[in-house]
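Colleague: Could you take one part of this model and go through it closely, starting from the pairing of its strands and then moving on to the side chains? I would like a connected account rather than a list.

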Amino acid sequence: MDLPADEPQDRPPPPPHRVPEISSLGLDTLVTEVSERLQSAAAVTDRMQRLLEAVVSVGSGLDLHATLERIAQGAAELVDARYAALGVVAADRSGLSDFIHVGIDQQTAARIGDLPQGRGILGALIDKPEPLLLDDLTVDRRSAGFPPHHPPMRSFLGEPIRIRDEVFGNIYLTEKRGGGGFTPEDAQVLHALAAAAGVAIENSRLYEEGRRRERWIAGAAALATALLSGDQAHSALGVAVERVRELADAALGMIMLPTGDGGLRVSHASGAAAGQVEGELVPGTGYAARLRDGESVFIEDMSQDPALVMRAARRFGPSMALPMVSAGRTVGALVLWRERGARGFAESEKQLAATFAAQAALALRLAEGQRDQQRLAVFQDRDRIARDLHDLVIQRLFATGMMLESAARRAVVPEVKQRLATAVDELDATIQEVRTTIYALQHDEQEDEPDTLRARVLRECSQAAAALGFRPSLAFSGPVEDLISDGTARQLMAALREMLSNAARHARASRVSVELDTTVYLDSAGHPASGDPQAPLRPGRPGVLLTVTDDGVGIPEGGRRSGLANLRRRAESLGGAAWHEPGPGRRGTRVRWSARL
C-alpha cells in the first residue's frame, strides 16, 4: 500500500526516558519532617500518658495533705520542673494558710525559715487567679525577692486550682530542667492537672468533713450516754470538755454553768490555763449576759478585745462561745479558745460545735430530771427515817432518862447516884445528837436551799470529817437563825473552822463534839454569867456560845497559841471571849468562843 504523500518516509526514534534524581525531589526533607512529626506525636502521647497517670495518682487517696503533696509532685514531673509548690489560699484571701513544697530538702527548708505568706509573685497569683508564665521572675516588678539560703529560681509557671467557683489554691513551678523557660504546652498540661486536682481536693475535703462530723456526733453521743447512765454529772462534763477541745483543735475548752446572780462560773476546763480559769466567775453583764440570753459569741482575737473580763483571755486568739439551750432555758455555755495567731473557727466547725452544745444541753436536762427523781426518792426515805427517829427513838430515850432520874432519887449509895446522873447526861447528849441528825436528814445541802447558819455549820462539820477521820457530833440550843446577825455569823463560822482545824491537826482525838448555844448570858468578860438559869431576870447580856470538845491529848504546856490568839481577837471584837480548858474528866480539850447578841 502506498503511503500518503504528505508524510515523511524516515522519522527519527523518540529520545530515551530519564529518571529524576531523589535529591532533586526533596524527599529527604519530607522523610525528616515525617520522622519529626512521628516523634512529636510520640512525645505528646507520652505526655498524655504521664498526665493520665498523674491524674490517677492525684485521686488515689482521700487524705487532704497527702493529696496536696501528690499534686505538687505530679506537676513537677509532668513539666520537668526542678521545684514545685502548692499554696492553699486563706479564707479571707489575705495570704496562704498552707504551703507544700517539692524539690527543697528539709535541711535547706529549715535554713530558709518561715514558709511564704503569699506576697510578691505568689501574691499576684492570689490577687488575680489566672495562669502566669514568666521566663525570669527575678526581673518582674512584682517580685519580692528571696530570703537567705533560698535556691535561685528564674523560670516560673503558675496555675490556680478551682473548686467550682472557689479558688482553693495555686500550683507554682520553677526552674525548667534542661534550661530555658516553660512553654505554652506546659501551661496547657498544668491547666489540665489543676482541673483534676480541684476534683481530688474537693473529694478529700468532703471526706474529712464527713469524718469530722462523725467524730462530733460520736462525742455528743458519748456525753449523753455518760450523763444518762447514772454517772456523776461532774465527771461526765469533765470528760465532755476534754473531748470537745480535741474535736475543735482548741487550746482551751470550758463549760460554764449559770450562777444565781445572772453570771456564769467555769465549772470544767481542759487544756492550757485550765487551772487558772476553773472556778472563775464571769459577771452577768456583756459576755455572760449574751450567753444567758441564748446568743452565740464569736471573737476573732481575744488578745485585742478590751471587753473581756476573764484573766487568761489575753493569752488566746480566736474564740467561740455557744449557749447550751434546752426548752428555752440556758443550762450552761460551751466555750473554746485557740492560741493567739491560730486560724479562726470555720463555719462548719461553728455549726458542729453548736449541734454538740444543743445535744449536751438536752442531755443535761434529762440527767437533771433523772437526778431529781432519785433525789426525791432519797428525800422521802430520809424523811421517813427522821420521823421514826423523832417519834420513836427520841421518845424512848427520853422515857429511859426519866426512869433513870427516878431511880437516882431513890438510890441510897452515892456512887450509884453519880453513875445514874452520868447516864442521864449521856442520854441528854444522845438526844441532842439525834435531833441534829434529824435536822441534817430534813435539810439536805442543795443549791436551792436557803443558806442558813445551821446549814453552814452542818456543812463545815461535814467538811471537817475528811481531816478528822470521822464526823463531829453537833448540837444546837435556841433559835440560831433568829438571834445571830450576819456579821456575827461570819466571825462565828471563821472561829468554828479554826477550832475544828486545830482539833484535826493537834488533838489526835477519836471524838469531837460541837455545841452552839444562843440561850446563854455573858458577863462583862464574855464568859457565861453565874446565877439561876430559871430566874426571871438573868444576870449579864444575851450571847452566843460555841464550844468544841475533843477527847485527844490536850494542849501541852508551852505549846503554840497562835490559833487561840486569833479566836480571842475575833471574840473580843464582838464583846465576847475565847478560852480553853480541859475536857470532861480532865481528858482532851474544850475550846469555847462567845459573842454578844
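Modeller: In this predicted model, strand β4, which covers residues 156-163, runs antiparallel to strand β5, residues 166-176, and eight bridges join the two. One point along this pairing can be named by its residues: Ile161 has Gly169 in β5 as its bridge partner. The two strands belong to an open sheet of five strands, whose order is β2-β1-β5-β4-β3 and whose pairing is antiparallel. At the edges of the sheet stand β2 (96-102) and β3 (132-134), each of which pairs on one side only. Between neighbouring strands of this sheet the turn is 15° on average, with direction ignored. Helix α5, made of residues 120-127, lies across β1 (81-89), β2, β3, β4 and β5, and its course is at about 145° to β5.

The aromatic side chains come next. A pair of aromatic rings is described by the distance of the centres and the angle of the planes. The count of aromatic pairs comes to three. Phe99 and Tyr172 form a stacked pair, with 6.5 Å centre to centre and 25° between the planes. Because Phe99 lies in strand β2 and Tyr172 in strand β5, this pair ties together parts that are 73 residues apart in sequence. With a relative accessibility of 13%, Phe99 counts as buried, since the cut-off for that class is under 20%, and Tyr172 is also buried, its relative accessible area being 4%. Ring pairs link these two residues with Phe156, so that Phe99, Phe156 and Tyr172 make up a cluster.

Away from that sheet's cluster, Phe316 and Trp337 form an aromatic pair that is tilted, with 5.3 Å centre to centre and 50° between the planes. Here Phe316 lies in strand β10 (residues 316-326) and Trp337 in strand β11 (residues 329-339), so the pair ties together parts that are 21 residues apart in sequence. Phe316 counts as buried at 1% relative accessibility, and Trp337 counts as buried at 1% as well.

Rings in this model also have charged groups placed over them. Lys350 lies over the face of Phe298, at 4.4 Å from the ring centre, while the charged end of Arg454 sits over the ring of Phe476, at 4.6 Å from its centre.

Key: Residues are numbered from 1 along each chain as its sequence is written. This is a predicted model: local features need pLDDT of at least 70, side-chain atom pairs count only at pLDDT 80 or more; totals for chains, interfaces and linings use all residues. Side-chain values use heavy atoms; hydrogens and water are left out. Two strands pair if DSSP finds at least two bridges between them. Helices (H or I, at least four residues) and strands (E, at least two) are DSSP runs, numbered from the N terminus. Axes are lines fitted to C-alpha atoms, for helices over the stretch in contact, and angles run from 0 to 180 degrees between N-to-C directions. Contact means heavy atoms within 4.5 Å. Rings of Phe, Tyr and Trp (its six-membered ring) pair if their centres lie within 6.5 Å; planes under 30 degrees apart count as stacked, over 60 as edge-to-face and the rest as tilted. Buried means under 20% relative accessible area, exposed over 50%, partly exposed in between (1.4 Å probe, protein chains only). A charge sits over a ring if NZ of Lys or CZ of Arg is within 6 Å of the ring centre and within 35 degrees of the ring normal.
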